[in-house]
Amino acid sequence: MELNQWFERGITPDEYIKSLEKHKAGFSHIYANYSVPEDESFLQLIKEKELRVIVLAEPWCGHCMLNIPVLLRLAEKTNTPVRILPRDENLELMDQYLTNGKSRTIPIFIFIDNDGNQVAKWGPIAERTKQFVDQYRDKLPAKDAPEYDEKFKEMIGITAKAFKEDKQLWSGAYESMKETLLENIK
């Protein structure tokens, strides 16, 4: 299937937001409180390219809670349509965008032009977010350790709270998306 067809299969951001349960409050908080920086030359460039975005995501994903609201604010400023596909129902597409060639880590943002050509791919997380998460992930016991599940849940709680509250992580996501787009737009 070509990317235009995948885009058409996606749901709107509003439909995705309605599907949120666990991360609805965090998602809504970020969306309500994040503003795209005044960056007129970049925003105008994106408008001129008339891009669209296919997002591979899942409602339970904390990284989606952090990154999708930032993307939606960028999309609003640039008149960029966004459609979201549940990762687990669209593995044929997801498997074309594996992280490190092996992992179905999300979100993945596929920026396409009017002809359905991929212009850029972003995701699953910004470097700033990765560094933040890694400081906790590195302290986890081995996966087969009896306390792993408990420690992993603690890490998820800490990172989800930071994703919701840390504006530096929001800015890092935006800057990473911007950098990716500038590197790929001709």
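What volume does the largest pocket have? In this predicted model, the answer comes out at about 930 Å³. Lining that pocket are 36 residues, and those closest to its centre are His-63, Thr-105, Ile-125, Val-133 and Arg-137. Several elements chip in: α5, β4, α7 (127-137) and α8 (148-165) each supply at least two lining residues. Helix α8 gives the largest share, with 7 residues. Sorted by class, the lining holds 16 nonpolar residues, alongside 10 polar and 10 charged ones.

Now for the sheet. Four strands make up an open sheet with mixed pairing, in the order β2-β1-β3-β4. Strands β2 (82-86) and β4 (118-122) sit at the edges, each pairing on one side only. On average, neighbouring strands in this sheet are turned by 20° against each other, direction ignored. Over on the β4 side, β3 (residues 108-112) and β4 pair in the antiparallel sense, with 4 bridges between them. Within that pairing, Phe-111 stands opposite Ala-120 of β4.

Two helices can be placed against these strands. Helix α9 (residues 167-184) packs on the sheet and touches β3 and β4, its direction making about 150° with that of β4. Helix α5 (residues 62-78), for its part, lies across β1 (52-57), β2, β3 and β4, and runs at about 170° to β1. That brings the story back to the pocket, since α5 and β4 are among the elements that each supply at least two residues of its lining.

Note on methods. Residues are numbered from 1 along each chain as its sequence is written. This is a predicted model: local features need pLDDT of at least 70, side-chain atom pairs count only at pLDDT 80 or more; totals for chains, interfaces and linings use all residues. Side-chain values use heavy atoms; hydrogens and water are left out. Two strands pair if DSSP finds at least two bridges between them. Axes are lines fitted to C-alpha atoms, for helices over the stretch in contact, and angles run from 0 to 180 degrees between N-to-C directions. Contact means heavy atoms within 4.5 Å. On a 1 Å grid over the protein atoms alone, a cavity is a set of points where a 1.4 Å probe fits but cannot get out, and a pocket is an open set with protein on both sides within 12 Å along at least five of seven lines; lining residues have an atom within 4 Å of a point. Grid points are joined across faces, edges and corners, and a volume is the space filled by probe spheres set on the points. Ala, Val, Leu, Ile, Met, Phe, Trp, Tyr, Cys and Pro count as nonpolar, Asp, Glu, Lys and Arg as charged, and the others, Gly among them, as polar.
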